[in-house]
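Me: I'd like to learn how to read a fold from its coordinates. Could you walk me through one?

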Amino acid sequence: MLAIFSGAIIRAPEELIQAGNRTPTPKKSASNLIDSFLQHSPSSVTINMGPTMSMCYTYDNQTSLQPRSFAVKDEIFCLFKGTLENLARLKQQYGLGKNANEVVLVMEAYKALRDRAPYSANHMVAHLAGQFAFIIFDKTTSAIFVASDQDGKVPLFWGITADGYLAFSGDVDVLKGACGKSLASFPPGCFFSSAMELRSYEHPKNKVTAEPATEEEICGATFKVEGPHVCATME
């Protein structure tokens with residue numbers, strides 16, 4: 001899966017910007033990145049919102065443990081990869097029908113976060129049990145919300161394209177040619193949204209920082225949650 005957002009939607013983290021500036025490497029524009037994704041996965045589906053947002057996904061080569069899904073409801077767009085162990089209980093909690101799947105559940109949880117202030121973003125993600133990564137775009141508010149499971153069982157990467165778009169993908173190879181060293185693993189147990197900076201929902205009181213990577217590493221930075229015994233890096 002691939003999601004790309006312009007600076008009009010979200011500003012990329014300063015740590016990713018600095019990682020790219022530290023070691024400049026050839027990069028692609030957002031449109032070239034999408035073209036490369038579609039060439040590699042010709043059966044992919046692409047959703048565009050003009051020049052500000054694009055989402056691409058394919059069901060090719062997915063596994064039963066980490067299926068991919070996409071849904072749109074009430075102008076909320078969501079890419080989801082993985083499975084939720086407590087899906088049945090959460091469907092009851094949110095009043096969803098028995099046929100609702102993970103991506104529908106996540107969109108409903110996001111709507112509760114958006115509409116039922118002061119609902120906690122930490123709580124919204126922390127009550128999801130399983131292996132997952134998801135990317136939400138809310139057209140009504142031009143906002144994004146991205147999260148990964150606590151153990152990083154579903155890899156998620158983010159980076160900055162040559163023309164300044166913030167890109168997310170579950171495959172580092174999709175991004176590395178476009179983002180150069182402005183590339184990192186999205187830290188497990190964290191969420192990132194238009195409303196706030198990168199946060200740990202597992203340890204909400206601890207800051208999330210980034211360390212520069214070595215020249216030999218593919219990614220230019222490694223994000224981690226500060227605090228004793230609370231390392232949240234992903235190799």
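Reply: Sure, and keep in mind that this is a predicted model. Let's start with one side chain: Tyr 59 is partly exposed, with a relative accessible area of 44%.

Me: What does Tyr 59 form an aromatic pair with, and in what geometry?

Reply: The general idea first: a pair of aromatic rings is described by the distance of the centres and the angle of the planes. Here, a search of the whole structure turns up 16 aromatic pairs. In one of them Tyr 59 meets Tyr 57 edge-to-face, at 5.6 Å centre to centre and 70° between the planes. Tyr 57 counts as buried, at 12% relative accessibility, whereas Tyr 59 is partly exposed.

Me: And which pair is stacked?

Reply: Phe 145 and Phe 191 form a stacked pair, with 5.4 Å between centres and 5° between the planes. Phe 145 belongs to strand β7 and Phe 191 to strand β11, so the pair ties together parts that are 46 residues apart in sequence. Both Phe 145 and Phe 191 are buried. There's also a cluster linked by ring pairs, including Phe 5, Trp 158, Phe 168 and Phe 223.

Me: How do I read the sheets?

Reply: Strands of a sheet pair through backbone hydrogen bonds, either parallel or antiparallel. In this model, one open sheet of 6 strands has the order β2-β3-β1-β9-β8-β10, with antiparallel pairing. Strands β2 (45-49) and β10 (183-185) are at its edges with a single partner strand each, so one side of each has no neighbour in the sheet. On average, neighbouring strands of this sheet are turned by 15° against each other, ignoring direction. Inside it, β8 (residues 157-160) and β9 (residues 166-169) pair over 4 bridges, and Gly 159 sits opposite Ala 167 in β9.

Me: Which helices lie across β8?

Reply: Helix α1 (residues 14-22) lies across β8, β9 and β10, at about 65° to β8. Helix α6 (residues 172-179) lies across β1, β8, β9 and β10, and runs at about 15° to β8.

Me: What is the strand order that includes β12?

Reply: That open sheet of 6 strands reads β4-β5-β6-β7-β11-β12, with antiparallel pairing. Its edges are β4 (68-73) and β12, each with a single partner strand, so one side of each is left without a neighbour in the sheet. Helix α4 (residues 102-115) packs on the sheet, touching β4, β5, β6 and β7, and its direction makes about 125° with that of β5. Strand β12 is joined to β11 by 2 bridges, with Cys 190 opposite Ser 200. Arg 199, also in β12, is partly exposed at 35% relative accessible area. Leaving out neighbours within four places in sequence, Arg 199 contacts Gly 189, Cys 190, Phe 191 and Val 208.

Me: What can the side chains of a strand such as β14 tell me?

Reply: In a regular strand the side chains alternate between the two faces of the sheet. Strand β14 (residues 221-225) has Ala 221, Phe 223 and Val 225 on a covered face, and Thr 222 and Lys 224 on an uncovered one. It runs antiparallel to β13, joined by 5 bridges, with Ala 210 opposite Phe 223.

Me: Which residues touch the most other members of the largest nonpolar core?

Reply: In soluble globular proteins, nonpolar side chains tend to be buried together. The largest nonpolar core here has 33 residues, and Phe 5, Met 55, Trp 158 and Phe 168 touch the most other members. Apart from that core lies another of 30 residues, among them Cys 78, Leu 96, Met 107 and Leu 113.

Note on methods. Residues are numbered from 1 along each chain as its sequence is written. This is a predicted model: local features need pLDDT of at least 70, side-chain atom pairs count only at pLDDT 80 or more; totals for chains, interfaces and linings use all residues. Side-chain values use heavy atoms; hydrogens and water are left out. Two strands pair if DSSP finds at least two bridges between them. Axes are lines fitted to C-alpha atoms, for helices over the stretch in contact, and angles run from 0 to 180 degrees between N-to-C directions. Contact means heavy atoms within 4.5 Å. Buried means under 20% relative accessible area, exposed over 50%, partly exposed in between (1.4 Å probe, protein chains only). A nonpolar core is a set of buried Ala, Val, Leu, Ile, Met, Phe, Trp, Tyr and Cys residues joined through side-chain atoms within 4.5 Å. Rings of Phe, Tyr and Trp (its six-membered ring) pair if their centres lie within 6.5 Å; planes under 30 degrees apart count as stacked, over 60 as edge-to-face and the rest as tilted.
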